[in-house]
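The following exercises ask the reader to work from the sequence and the coordinates together. Each task is followed by a solution in steps.

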Amino acid sequence: MEKLQKVSGKVAALDRMNVDTDQIIPKQFLKRIERTGFGEFLFFDWKYNDDGTLNEDFELNQTRYTDACILLTQENFGSGSSREHAPWAIREAGFRIILAPSFADIFYNNCFKNSILPIVLSKDRTDELFRIVLENEGYSLEVDLVEKSVTGKGISFSFEIDDFKRKVLLEGLDDISQTLELENSIEKYEKLFVNERVWVLPDERKSL
């Protein structure tokens with residue numbers, strides 16, 4: 001998994017509450033068996049009109065948000081089903097940071113498995129950021145996971161994050177990598193287990 005230590009870039013403002021995973025990546029695109037290729041379908045039902053043309057009224061279709069890598073949104077982001085396709089689509093669309101007052105639990109945890117940092121903000125801080133982003137086209141932030149800080153023109157604050165989740169992103173550890181970090185302990189346990197329970201071995205191995 002790709003490491004995440006510091007991200008600097010443009011902020012895209014999605015001023016919507018209770019954005020669920022079916023709105024993030026609609027169900028008709030879940031038939032794919034690969035983990036790739038979902039980015040183009042992010043917010044598909046909002047992004048396009050029924051006739052397939054681009055919906056000019058959808059916030060993220062504005063050219064001011066082209067190449068944004070930080071998503072600013074509202075409460076309860078990522079609610080609905082537990083589909084991991086949602087963070088896959090967000091990551092492939094170029095977003096590495098999501099700022100919101102709250103997240104659905106499963107979505108929040110899935111982000112850390114996909115090199116995305118979700119940061120919980122107070123409602124006042126969220127409102128302040130929306131005001132700044134909407135008033136300043138091309139507004140950018142720097143998010144430093146090492147220092148646990150967010151800085152930009154006219155704003156600077158720190159954020160809280162679980163130490164283990166922070167380590168996972170800083171070191172780029174997926175579930176397998178986390179298990180391999182315990183390889184020596186696992187091998188010691190397996191040897192101890194077998195020595196104490198020889199009877200579990202096939203007959204041909206008991207004499208080894």
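**Exercise 1.** Leaving aside neighbours within four places in sequence, with which residues is Gln-74 in contact?

*Solution.* The model under study is a predicted one.

Step 1. Locate the residue: Gln-74 belongs to the loop that joins strand E2 (70-72) to helix H3 (85-92).

Step 2. List its partners beyond the four-place window. These are Leu-14, Asp-15, Arg-16, Met-17, Ala-100, Pro-101, Ser-102, Lys-123, Thr-126, Asp-127 and Phe-130.

Step 3. Look for a polar contact among side chains. One is made by Gln-74 with Asp-15, at 2.8 Å.

Step 4. Classify the exposure. The relative accessible area of Gln-74 is 7%, so the residue is buried.

**Exercise 2.** Determine which residues of helix H6 are buried, and describe what stands at either end of the helix.

*Solution.* Step 1. In H6, which spans residues 163-171, the buried positions are Arg-166, Val-168, Leu-169 and Leu-170.

Step 2. At the N-terminal end, Asp-162 acts as the cap, with a side-chain oxygen 3.0 Å from the backbone nitrogen of Phe-164.

Step 3. After the helix comes Gly-172, with a positive phi near 65°. This glycine sits in the loop between H6 and helix H7 (175-180).

Step 4. Gly-172 has a relative accessible area of 8% and is therefore buried. Beyond four places in sequence, Gly-172 touches Met-1, Glu-2, Lys-3 and Lys-167. The C-alpha atoms of Gly-172 and Lys-3 are 4.0 Å apart, although 169 residues separate the two in sequence.

**Exercise 3.** Asp-67 and Ser-115 each have a positive phi. Is each residue buried or exposed?

*Solution.* Step 1. Take Asp-67, in the loop between helix H2 (44-47) and E2. Its phi is near 70°. Since the relative accessibility of Asp-67 is 72%, over the 50% cut-off, Asp-67 counts as exposed.

Step 2. Take Ser-115, in the loop between helix H4 (105-112) and strand E4 (117-120). Its phi is near 60°. With a relative accessible area of 2%, under the 20% cut-off, Ser-115 is buried.

**Exercise 4.** Describe the two largest pockets by volume and lining.

*Solution.* Step 1. The largest pocket holds about 300 Å³ of space, and the second largest about 240 Å³.

Step 2. Sixteen residues line the largest pocket, and those nearest its centre are Lys-47, Leu-60, Tyr-65, Ala-93 and Phe-95. By class, the lining of the largest pocket has nine nonpolar, five polar and two charged residues.

Step 3. The lining of the second largest pocket includes Met-1, Arg-35, Glu-84, Trp-88, Lys-113 and Asp-175. H3 contributes the most to this lining, with three residues. Here the division is two nonpolar, two polar and seven charged residues.

**Exercise 5.** Which residues touch the most other members of the largest nonpolar core?

*Solution.* Step 1. Recall the general tendency: in soluble globular proteins, nonpolar side chains are inclined to be buried together.

Step 2. The largest nonpolar core has 58 residues, and Phe-43, Phe-77, Phe-107 and Leu-117 touch the most other members.

Step 3. Examine one of these residues. Residues up to four places away in sequence aside, the contacts of Phe-77 include Leu-14, Val-19, Phe-43, Leu-71, Ile-90 and Phe-107.

Step 4. Place the core in the whole. The protein has 208 residues, of which 42% count as buried, and contains eight helices and seven strands. Of the contacts with a separation of 6 or more, 68% join residues 24 or more positions apart.

Notes:
Residues are numbered from 1 along each chain as its sequence is written. This is a predicted model: local features need pLDDT of at least 70, side-chain atom pairs count only at pLDDT 80 or more; totals for chains, interfaces and linings use all residues. Side-chain values use heavy atoms; hydrogens and water are left out. Buried means under 20% relative accessible area, exposed over 50%, partly exposed in between (1.4 Å probe, protein chains only). Helices (H or I, at least four residues) and strands (E, at least two) are DSSP runs, numbered from the N terminus. A polar contact is a pair of N or O atoms within 3.5 Å; within protein, one must be able to donate a hydrogen and the other to accept it, and residues adjacent in sequence count only if both atoms are side-chain atoms. Contact means heavy atoms within 4.5 Å. On a 1 Å grid over the protein atoms alone, a cavity is a set of points where a 1.4 Å probe fits but cannot get out, and a pocket is an open set with protein on both sides within 12 Å along at least five of seven lines; lining residues have an atom within 4 Å of a point. Grid points are joined across faces, edges and corners, and a volume is the space filled by probe spheres set on the points. Ala, Val, Leu, Ile, Met, Phe, Trp, Tyr, Cys and Pro count as nonpolar, Asp, Glu, Lys and Arg as charged, and the others, Gly among them, as polar. A nonpolar core is a set of buried Ala, Val, Leu, Ile, Met, Phe, Trp, Tyr and Cys residues joined through side-chain atoms within 4.5 Å.
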